[in-house]
Amino acid sequence: MEQTTQISPADIARQLEFCQKAAALSARRPQQPLALVDTYGCQQNEADSERLRGFLAAMGFGFTQNEEEAQIIVLNTCAIREHAEQRVFGNVGALVHVKRRHPDTLICLCGCMVQQPHAAEKLRTSFRHVDLVFGPQALWRFPEMVYTLLTQQGRIFSVEDEAGSITEGIPVVRQDRGEAWVSIMYGCNNFCSYCIVPYVRGRERSRRQPDILAEVRQLVQAGYRDITLLGQNVNSYGKDLPEPTDFSALLEAVNAIPGDFLIRFMTSHPKDATLRLFQTMARCEKVAPVLHLPFQAGNDRILKAMNRRHTRAQYLEKIQALRDLIPDIVLTSDVIVGFPGETTREFEDTLAVLEAVRFDALFTFLYSPREGTPAARMDDPMPREEKLQNFNRLTALQDRISEEKHAAYVGKTLRCLVDGASGDLRWPLDDPHYHELTARTPGNRLVRTTGPETAVGQFRDIHITGANKWSLFGTLV
């Protein structure tokens, strides 16, 4: 088993010294250099991008969304599905034209996709305009690699199969004013047969509780009101730490931090979602009444082939136990349609789970083979057309359920966090101070409303006046 590496404070101090050296180079330019960070995939990647931006800011870079203005372009990639991988290759291929117009622009790829040997080799041989490629385990060395490229010729590939690490002290630049991601652990030990994550992010490793609590306190003091604890499987938190603890204990400790804020977390694995966790959620007033609990398939034979280590009956028992404790819990989940060998009759067991649970929302995917996983070697006789028909049946059923669930909100007044203002749509039309706003219910349902931009980042009561299958509509009280 791989050992977790704890990156020392001295190592991070050395990286911050490289930031200072790069900042000195930036200061010599007639204008501040700009960086573009483009993120693909999950919330963990979003959290990683915030650390990349933190390093870039320390190196003297500002930020842009225009690739023509950027002196450094970073694509933080995802490997969870083939479509995401092909999208990255298409976008990085298009950057060859940017490189021709601006030869000094540094083009960097990082994240899960590039940790796969076949993807790294393709980048090495077919995308010669890419300057830097590094996997998740090498993120903490980003300043050193950038400084090397700024001062020397050549390319850098850092995609070795190395033990995962825990790193504290990396600067962070957050994109949002009211919502924040906090990584509590990295990696995964579950090895679901379809999933590449354990191979590219390494084994499970937990941050120390004092470090997590210090970060959350800082966020609350800075005005963040919606804090999401992140991990590939948060329910496994603490199993690798020397002192005895678990995720429920961490939730209670975060809940005890003074302040007016909501706690969310993702993702949870059903095999580790315990009654103790549900009781903690019910007891802690700051823990949002929402749970994302992927079940992936409703048939036990398919679940076994997926190596999910839970059965349909066990999943439904957990859902009932949770609803007994938190009747208004908002439930979301993931489902894979067309896993190798799945028949349409077995797929209909998945539809039955949807009818039994009635999820508020569902993230649905057609099975995507990932090179290097056991499922990629399994026989897969079902034609794609039949998989698509099943997928459409699934989404049609969930759309109906979501619309019915959302309709039940109409007429209620909910305390929501206003989290965004587009500035595009104004109402009333003669009042320039009113903007189209977005907000989130405690159960993370999207609410569209209008009001002053000063409401962003605040908890506000919103009276729900309408709904569709995607969102709610309401007015600020």
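Visitor: Which helices each supply at least two residues of the lining of the second largest pocket?

Guide: Helix H1 (9-27) and helix H5 (142-151) each do so, and the largest share of that lining, three residues, comes from H1. The names H1 and H5 follow a rule: helices (H or I, at least four residues) and strands (E, at least two) are DSSP runs, numbered from the N terminus. You are looking at a predicted model, in which local features need pLDDT of at least 70, side-chain atom pairs count only at pLDDT 80 or more, and totals for chains, interfaces and linings use all residues. Residues are numbered from 1 along each chain as its sequence is written, and side-chain values use heavy atoms, with hydrogens and water left out.

Visitor: What makes a space a pocket, and what makes it a cavity?

Guide: On a 1 Å grid over the protein atoms alone, a cavity is a set of points where a 1.4 Å probe fits but cannot get out, whereas a pocket is an open set with protein on both sides within 12 Å along at least five of seven lines; a residue belongs to the lining if it has an atom within 4 Å of a point. The second largest pocket holds about 490 Å³ of space. Among the 22 residues that line this pocket, Asp-104, Thr-105, Leu-106, Leu-149 and Leu-150 are the closest to its centre. Its lining divides into eight nonpolar, seven polar and seven charged residues.

Visitor: How many cavities of 30 Å³ or more does a search of the whole structure find?

Guide: The search finds two, and the largest has a volume of about 130 Å³. Its lining consists of Asp-48, Arg-51, Pro-136, Gln-137, Leu-139, Trp-140, Ser-165, Ile-166, Thr-167, Tyr-186, Arg-201 and Arg-205. Helix H2 (43-58) and strand E8 (165-166) each give at least two of these residues.

Visitor: Why does the lining of the largest cavity count as having four charged residues?

Guide: Asp, Glu, Lys and Arg count as charged, while Ala, Val, Leu, Ile, Met, Phe, Trp, Tyr, Cys and Pro count as nonpolar and the others, Gly among them, as polar. Asp-48, Arg-51, Arg-201 and Arg-205 are therefore the charged members of this lining, which also has five nonpolar and three polar residues.

Visitor: Which residues line the second largest cavity?

Guide: Its lining is made by Asn-45, Asp-48, Asn-76, Cys-110, Gly-111, Phe-134, Gly-135, Pro-136, Leu-139 and Arg-201, around a space of about 40 Å³. H2 and strand E5 (106-111) each supply at least two of them, and by class there are four nonpolar, four polar and two charged residues.

Visitor: Why is H3 called roughly parallel to H4?

Guide: The axes of helix H3 (residues 82-101) and helix H4 (residues 117-126) come within 12 Å and cross at roughly 10°. Angles under 35 degrees count as roughly parallel, over 145 as roughly antiparallel, 65 to 115 as roughly perpendicular and the rest as oblique, so H3 is roughly parallel to H4. Contact means heavy atoms within 4.5 Å, and here Glu-85, Phe-89 and Val-92 in H3 meet His-118, Ala-119, Lys-122 and Leu-123 in H4. That contact has four nonpolar, one polar and two charged residues.

Visitor: What makes H12 roughly parallel to H13?

Guide: The axes of helix H12 (residues 344-357) and helix H13 (residues 384-407) cross at roughly 10° and come within 10 Å, and that angle makes H12 roughly parallel to H13. Their contact divides into six nonpolar, four polar and five charged residues.

Visitor: How do you know that H11 is roughly parallel to H12?

Guide: The axes of H11 and H12 come within 11 Å, with a crossing of roughly 10°, so H11 is roughly parallel to H12. Arg-312, Leu-316, Ile-319 and Arg-323 in H11 meet Asp-349, Ala-352, Val-353, Ala-356 and Val-357 in H12. By class, this contact has six nonpolar, no polar and three charged residues.

Visitor: What is said of the phi of Arg-309?

Guide: Most residues other than glycine have a negative phi, and most peptide bonds are trans. Arg-309, although not a glycine, has a positive phi of about 60°, and this residue lies in the loop between helix H10 (300-305) and helix H11 (312-325). The peptide bond from Met-266 to Thr-267 is cis, with omega near 5°, and Thr-267 lies in the loop between strand E13 (262-266) and helix H9 (275-283).

Definitions and conventions: Axes fitted to C-alpha atoms, helices over the stretch in contact; angles between N-to-C directions. Points joined across faces, edges and corners; volume = space filled by probe spheres on them.
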